Amino acid sequence: MKMDARRAFQLLADGLSRNGGDDFYPYLVRLLSTILDADVVLVGRVVSGTERIRTLAVCVDGELADDFEYGLAGTPCGRVLDREACIFRESVAETFPDDEMLSRLGAEAYLGVPMIGPDDSMIGIVAAIYRHSVHRVHLAQEVLRITAARAGAELVGRKAEYALARTASQMARLNHQLDGTHRALTLLRLVNRAVIRLQDETALLQEVCRLAVEDGGYRLAWTGLAPEGDGQCIIPQASAGRDAHLLADCRLRWSDEAPAGLVSQGRCLDDSQALAFSSRISGAVCATLAKTPALAGEVALPLEFGDGLTGVLVLMQEQAFRISDDELELLGELAGNLSFGLQTLRARRHQERTQRAVLDVAEAVSARSDDAFFGQLARRLVDALGADAVFISRIDDSVPLEATLLAGLVNGAPAAEFRYGFSGLPCEQTFRHSEHLIARGVKEQYPRAAELVDMPIEAYVGRRLEDASGDAIGMIFVLFRTPLLDPEPVSYLLRIFAAGASAELERRRSDAHIRHLAYNDPGTGLPNRVYFMDRLQTAIGEADRCQSRLALMFLDLNRFKEINDSQGHDVGDRVLSEVATRFRNCLGNTESLARLGGDEFVVMVEKADEIRAAQVVGKLLSALSAPVAFDGHRFNVEVSIGVAFYPEDGDGPRELLKHTDIAMYHAKESGSGYRFYAAEMGRDLRRRLVLATRLNEALAQGALQLCYQPCVLLEDGSLMAAEVLCRWYDPGLGWVSPSEFIAVAEERGMVGALGEWVLREACRQLRRWRDQGLAAMPGRLYVNLAAAQFEDPGLAGLLCNIVDDAGLSPHDIGLELTESGFMADPEQAIRITNHLRKAGFALSIDDFGTGYSSLAYLKRFAVQSVKIDMSFVSEMLSDSNDHAIVATIIAMADRLGMQAVAEGVETVAQVRALRDMGCRLGQGYLYSRPLSGDDFAQRWLTPREASQRLPVAAQLDPLPKSS
């Protein structure tokens with residue numbers, strides 16, 4: 001149903017307020033077609049004595065169609081005969097394959113509601129048919145229920161007119177019958193007139209009693225009602241005659257506990273038939289009447305008030321009399337007509353109250369405001385139902401169940417907001433069963449109910465408020481000081497008000513949820529970037545007014561990506577949640593925390609100077625001093641913090657946040673934990689931005705250069721392999737350090753393209769050397785692979801294609817990997833290195849000893865050599881620790897069947913020491929600086945004397961020959 005609740009109820013109320021007429025049902029189906037957005041709408045009546053429906057009006061695709069009659073067997077309409085709503089959200093034609101109408105209409109979904117007559121029987125149906133599936137049917141079902149009540153009342157009214165016309169005809173024929181039936185006929189005629197003329201139930205009953213006495217000649221006439229749930233009891237409602245005052249305080253019973261009760265009236269109600277007693281009244285009406293000898297005969301006639309309520313019309317005479325079967329039959333018909341009139345009045349009153357309730361809800365919805373809606377709804381509910389108290393509440397997420405009052409009225413006065421538990425209240429049954437009704441005896445069953453309103457409670461009607469999914473979200477109930485003689489209309493009207501309350505409560509909950517999603521981070525519950533930037537703008541305005549300073553802090557977790565990559569995002573999210581909790585717990589009320597996204601947080605400290613900012617930074621750093629541990633995981637999480645101040649470090653939120661980001665980046669680079677922003681940091685950032693732009697251009701234009709550094713045999717300095725090194729000269733920037741531009745490439749995601757370019761150019765150079773007829777490389781060209789390249793599962797295939805394009809073999813190329821590269825995702829690295837090794841590439845671990853290698857993983861990698869980092873080699877002759885590290889790496893490599901290659905060899909003494917420790921290979925400035933392709937070929941790939949190429953070799957003692 002596409003139409004909103006407010007518009008639907010307004011249209012429905014307008015339509016149902018029309019007077020009946022020949023076009024009533026055609027207008028009704030067109031209206032429902034519009035409100036429900038249904039393809040087919042029909043209203044039909046049950047053909048008397050059959051299981052067939054005759055349509056009163058049909059609307060197909062917005063146009064009226066011809067009426068028809070059809071059997072209910074094998075159709076969804078047949079299930080409506082069970083007097084329950086029939087709902088098929090989808091596949092209705094498949095469910096009822098024998099229903100030709102559904103097939104002809106192409107039906108997919110069906111909603112049907114019964115029309116119930118005054119005698120509680122089903123008299124017809126109202127149905128909506130869709131050619132598509134429907135899922136949200138709660139509002140549509142309520143619209144159909146309300147429509148069915150009005151359509152049924154119209155049908156009942158038409159039947160009433162027919163019945164009254166038939167009775168008038170019978171009266172004309174009976175005028176010619178025996179004089180003994182004249183009194184009954186006269187009374188019947190007068191009562192029928194009263195039924196037609198009077199519009200109030202009490203006035204009608206009183207008029208019937210008066211007519212029975214004044215025109216029917218009876219001494220005393222009275223009517224009584226037998227309320228539901230009160231055992232065998234009759235309460236007088238109206239009376240006329242000389243002894244009518246004697247009934248004023250009577251409460252008449254005929255139960256076993258009251259043997260002097262109403263035998264005649266009780267039998268009349270038990271047997272549901274007219275009874276005449278011509279001897280002394282058997283069983284006095286009450287103690288006072290029992291002493292009235294003038295009352296010697298009576299006729300008891302059963303009445304049906306509707307909605308299951310029964311009563312009696314009692315006509316009493318001064319002397320015993322005999323009544324003919326014809327007269328008794330006429331009086332029985334009188335009672336039947338009176339019952340029908342009473343039922344019609346009740347149906348009309350029910351219809352009017354329903355229309356008024358729909359209008360009240362529609363007006364409340366159209367005048368919706370967050371403050372007044374439920375208060376207005378409560379007041380309208382009290383007016384419509386005549387309740388002494390009403391409560392509309394929201395169910396809280398608590399155990400045991402509790403609710404918070406949204407609006408309440410007690411004796412016409414608003415109730416203060418409070419929370420209450422369900423235990424000991426009828427609300428508990430309402431929550432379980434959706435609806436709960438107690439017509440009398442609440443104070444005995446639920447003594448605690450009186451505490452809510454501070455008055456004795458006799459009756460309760462409550463309904464659960466539900467969202468579109470049927471989940472309980474609230475509660476609405478009304479309380480009465482006196483018993484409910486006719487609770488059904490109260491229950492029905494409460495459903496209408498409950499529908500409006502449910503829609504409003506769900507709207508508010510949805511609005512709150514949308515606001516929360518819009519301004520809060522779902523993973524941590526912290527304010528998000530949108531909320532924080534708005535909050536920061538407000539705080540800056542306040543700082544301007546107060547001439548104060550404001551500190552902004554940018555927090556970024558160090559190496560958090562490693563947790564996500566190695567443990568998965570689920571674990572990473574839990575770490576972030578714990579970090580957010582620790583940050584939140586360590587901050588005060590004047591310090592605002594938010595999550596910008598990923599592993600980035602911000603903290604704002606109002607009216608802060610450097611000292612206070614440093615104190616807050618200290619608390620944030622201390623918050624992560626203990627490891628984050630859960631489910632067997634244990635992580636040492638560190639954070640880098642950048643701090644900037646308003647107004648000196650930025651004149652607005654965006655500039656201030658940018659500068660805290662720059663300061664954080666410098667804190668991360670320096671490893672200091674935190675840094676305060678300084679102007680020169682911005683210059684560093686601008687240089688990095690320029691470098692990123694120019695590097696991207698250089699890559700696109702092929703403006704980078706490759707150099708080659710030999711790897712030699714330490715025994716005699718002969719060439720064994722060469723490492724490919726990338727260099728960059730920019731016309732505007734000059735020579736840019738590899739450590740600087742490679743870091744920029746990694747930051748900007750260009751390292752993959754850079755690595756691919758280096759390998760292609762190195763392969764082309766090797767191909768040119770061979771084409772020039774130079775001496776063959778005795779070993780391989782080693783090219784560096786970056787950590788980011790290992791994130792590509794197709795890396796092995798890409799490298800093979802590059803080598804193959806150059807006309808080379810993977811056996812010509814070696815690949816140098818950094819420890820951080822393969823430790824980010826060790827399992828994937830193992831798979832990739834195995835593929836590379838099988839393809840023919842040689843693998844080496846670069847800068848070994850500076851990363852976080854796990855020996856358990858190292859032995860599983862398909863590497864052939866490790867390169868000892870130059871930081872250890874350069875100090876090994878003066879630092880015993882470095883000497884021990886170098887010796888250990890050489891020994892470990894030897895045990896694992898790998899070659900150890902020393903980097904940064906610059907002195908003969910280092911060569912001697914390395915040889916003594918068993919290292920056979922090395923590279924460094926002692927042998928050669930990195931050379932261009934042509935210079936490398938000239939020096940290392942052309943025939944020359946070894947002494948000319950390697951003057952250092954002459955300074956070394958030959959290695960002892962193995963015995």
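**Exercise 1. Is Ala-226 buried or exposed?**

Solution. This is a predicted model.
- Step 1: locate the residue. Ala-226 sits in strand S8, residues 220-226.
- Step 2: take its relative accessibility, which is 11%.
- Step 3: apply the cut-off. Buried means under 20%, so Ala-226 counts as buried.
- Step 4: list its partners. With neighbours within four places in sequence set aside, Ala-226 contacts Cys-233, Leu-269, Leu-309, Thr-310 and Gly-311.
- Step 5: look along the chain. Leu-485 is 259 residues from Ala-226 in sequence, yet their C-alpha atoms are 8.4 Å apart.

**Exercise 2. Find out why Cys-919 has no bond to Cys-711**.

Solution.
- Step 1: find the closest cysteine sulfur. For Cys-919 that sulfur belongs to Cys-711, at 8.7 Å.
- Step 2: compare with the cut-off. A disulfide needs the two sulfur atoms within 2.5 Å, so 8.7 Å is too far for a bond.
- Step 3: widen the search. The whole structure holds zero disulfides.
- Step 4: check the surroundings. Cys-919 is buried, at 3% relative accessibility. Cys-546 is partly exposed, at 37%.

**Exercise 3. Test the length of helix H2 against its expected span**.

Solution.
- Step 1: count. H2 covers residues 24-36, which is 13 residues.
- Step 2: work out the span. Take 1.5 Å times one less than the number of residues. The result is 18 Å.
- Step 3: compare. The end C-alpha atoms lie 18 Å apart, so the two values agree.
- Step 4: note the burial. Buried residues of H2 include Phe-24, Tyr-25, Leu-28 and Leu-36.
- Step 5: look past the end. Asp-37, just after H2, has a positive phi of about 55°.

Technical notes: Residues numbered from 1 in each chain as written. Predicted model: local features only at pLDDT ≥ 70, side-chain atom pairs only at ≥ 80, totals over all residues. Heavy atoms only, no water. Buried < 20%, exposed > 50% of the residue type's maximum accessible area, 1.4 Å probe, protein only. Helix = DSSP H or I, 4+ residues; strand = E, 2+ residues; numbered from the N terminus. Contact = heavy atoms within 4.5 Å.
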